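The following questions ask how descriptive terms are justified for a molecular structure. Each answer sets a value against a definition and then draws a conclusion.

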Amino acid sequence: MKEQHEHTKARKYGMVIDLDKCTGCGACMAACMAENNVPFKKDESDKLLSITWMRVYKLTNGKKFPEADICYLPRPCMHCEGEHGHAPCVSVCPAVATDYSHETGIVSQVYTRCFGCRYCMAACPYHARYFNWWDPVWPDGMEKYLSPNVSPRMRGVVEKCSFCFHRHQLAMNKAYIEGRRKLEEHEYQTACTQACPAGAIIFGDLNNPGHAVTQIAKPDHKHGGRPMNPHAFRLLERLGTNPKVYYLSSREWVKRAGDNYIENES
Amino acid sequence: MSTSDDKAKEVSAEADVSAEAVDEVETASPPKVNEKKQDNGGLGFIILFFIIGLVGSLAVGWWIFPKLLYSQKKQPIDFNHVLHVGTVEEGCESCHYFREDGSFSGVPKLAQCVDCHEEVMGEDPEELKFVEEYVAKGKEVPWLIYSRQPDSVFFSHAAHIKMGKVDCVICHGYIGESTHSRVYEENRFTGYSRDIWGKNIAGLKKNTWDRMKMDDCAECHAENRAVPKTVETLPWPISWMPRPYEKPASSQIRVHIEKDACFVCHK
């Protein structure tokens, strides 16, 4: 491991989502599904059974007309680091089908190892994990539109956002033939980042001070990656999951909604 | 697995047969004439049938079963590597090259072949067939890929060739020295080439290119420390590892596999 670290400093890919910019259009969800061969069903009315690696939630402040406010919150996998890679889902997986990469900071999901016990789904506080209750059925001819870079999942396994890890693999390929082991910021971007028309999603390496994510979120690595930007927050910060997706909002109620707070709690 | 199952079934079937046969012999022979001799004869039959059963089941397991398991397919065109390597300028890389985006061309597409084969160049009937059936009609050749992996596998030629400096031969063998395309044997159950499991039905291998299973990848990774060194201390294949975390510190051998090892090659 030491040898590897000498020529490649560990990266820590993360995301900043500006909730003040998000219009809730859902382009990120659509792009994500198309990019990652996410299966769908004929009847998608039961949202509990839908698979959405990236999902836009609607938050409301619960107030009456003049003060009524809403906020859309896109939620990918948070790729929690926990303490030294001890993500909630990783700790409970009995099959090592999911794991935390210290090289990229990405929480993997290996479908061929997963046997569908769904401990990880129970452990994930963000509902970022989904179970395949059925084998995917693509409408006639649609198999031809599937991405060959992402393997389709079978019935009985759990899947989740991978930060478009296949894009990382492909970008690394290009770097390798050019004799590099490092990626430029633009070389590896997720599908949702590129699809967002408002530019609300920013993706990059949180260990690289040159990347926009680091400059905006200003993660304090000494204190579990807490953002030093006063407008930035993370979901359920108090759980100590140390997620790598940061949210930005200038609205106080949105920031509060990001954590599981008790009414009238100071 | 299935071979041993078959064998077991075969053996039990033979045993039944031999038991019946012994009964018949006993009833057919005249009653109470030299009982001792008859016993010896029965034992002899049992041994004989056991041997026949054993040989039979071995034949089924080692010879008939693999024949049934794999279908034999011919490549659409009998390709002569030696001839091509001698003609092209840059050796293997003339056809099997890296693209600018880092992807590997693998088996060339028709467009690649047409660069030279727009017209028939030689007198080989295979070439004539190729030009008439594929080039003239603009149809891709449906080559059968010996090394095709399941779609859950991510293999980076760039990482291995450019960074790892692995020779093509390590995985693909001396295919560049072949004058004919060998028969493509497809596993009737899985649809994958026999090259993945290996020629040897027991799964034994002599050369690095004899098999292309996950354990073969893992073996080489362990040897070359592409995955941290401790993997090689494992007495079993890496795929058997239940949980790649560290063993208690008291244990003399610290077993620690790179935690994200799976996601390097799986997608």
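**Reasoning from values to terms**

Q: In which helix of chain A does A:Cys32 lie?
A: In this predicted model, A:Cys32 belongs to helix α2 of chain A, which covers residues 27–35.

Q: Why is A:Cys32 called buried?
A: A residue is buried if 20 or more other C-beta atoms lie within 10 Å of its own. A:Cys32 has 23 C-beta neighbours inside 10 Å, and therefore counts as buried. Leaving aside neighbours within four places in sequence, its contacts are A:Val38, A:Trp53, A:Met54, A:Ala191 and A:Cys192.

Q: What makes the buried residues of α2(A) lie on the same side of the helix?
A: The buried residues in question are A:Ala27, A:Cys28, A:Cys32 and A:Glu35. Around the axis they cover an arc of only 130°, so they are on the same side of α2(A). These buried residues pack against β3 (70–75), α6 (191–195) and β8 (201–205) of chain A.

Q: What is noted about the phi of A:Asn37?
A: A:Asn37 is not a glycine, yet its phi is positive, at about 50°. The residue comes just after α2(A), in the loop between α2 and β2 (55–60) of chain A.

Q: Is A:Asn37 buried or exposed, and how do you know?
A: The cut-off for a buried residue is 20 or more C-beta neighbours within 10 Å. A:Asn37 has 21 such neighbours inside 10 Å, so it counts as buried.

Q: Is A:His127 buried or exposed, and how do you know?
A: A residue is exposed if 12 or fewer other C-beta atoms lie within 10 Å of its own. A:His127 has 12 C-beta neighbours inside 10 Å and therefore counts as exposed. A:His127 is placed in the loop between α4 (119–123) and β6 (129–131) of chain A. Its phi is also positive, near 55°, although the residue is other than glycine.

Q: Why do β8 and β11 of chain A stand at the edges of their sheet?
A: The sheet is open and has four strands in the order β8-β1-β12-β11 (chain A), with mixed pairing. β8 and β11 (232–233) each have a single partner strand, so one side of each is left without a neighbour in the sheet.

Q: How do you know that β1(A) pairs with β8(A)?
A: Two strands pair if DSSP finds at least two bridges between them. Five bridges join strand β1 (residues 13–18) to β8(A), and therefore the two count as paired. They run antiparallel, and A:Met15 stands opposite A:Phe203 in β8(A).

Q: How do you know that β1(A) pairs with β12(A)?
A: Four bridges join β1(A) to strand β12 (residues 245–248) of chain A, so the requirement of at least two is met. These strands run parallel. A:Asp18 stands opposite A:Leu248 in β12(A).

Q: Why can β1(A) be described as largely enclosed by the rest of the structure?
A: Six of the six residues of β1(A) are buried, which supports that description. In a regular strand the side chains alternate between the two faces of the sheet. Both faces of β1(A) are covered, with A:Tyr13, A:Met15 and A:Ile17 buried on one side and A:Gly14, A:Val16 and A:Asp18 buried on the other.

Q: Which members of the largest nonpolar core touch the most other members?
A: They are A:Met15, A:Val16, A:Ile17, A:Val107, A:Ile201 and A:Tyr246, in a core of 60 residues. Apart from it lies another core of eight residues, including A:Met172, A:Ala175, B:Ala158 and B:Ala159.

Q: What does each chain give to the contact between chains A and B?
A: Chain B gives 21 residues and chain A gives 24 residues. On the side of chain B that touches chain A, α6(B) supplies the largest share, four residues. By class, this side of chain B has nine nonpolar, five polar and seven charged residues.

Q: Over which residues of chain A is the pLDDT below 50?
A: Chain A averages a pLDDT of 91, and 97% of its residues score at least 70. Over residues 1–7, however, the pLDDT is below 50. Where pLDDT is low, the predicted coordinates should not be read in detail.

Definitions and conventions: Residues numbered from 1 in each chain as written. Chains lettered and ligands numbered in written order. Predicted model: local features only at pLDDT ≥ 70, side-chain atom pairs only at ≥ 80, totals over all residues. Core = buried A, V, L, I, M, F, W, Y, C linked by C-beta atoms within 7 Å. Contact = placed C-beta atoms within 7 Å. Nonpolar A, V, L, I, M, F, W, Y, C, P; charged D, E, K, R; others polar. Arc of directions from axis to C-beta. pLDDT = per-residue confidence, 0-100.
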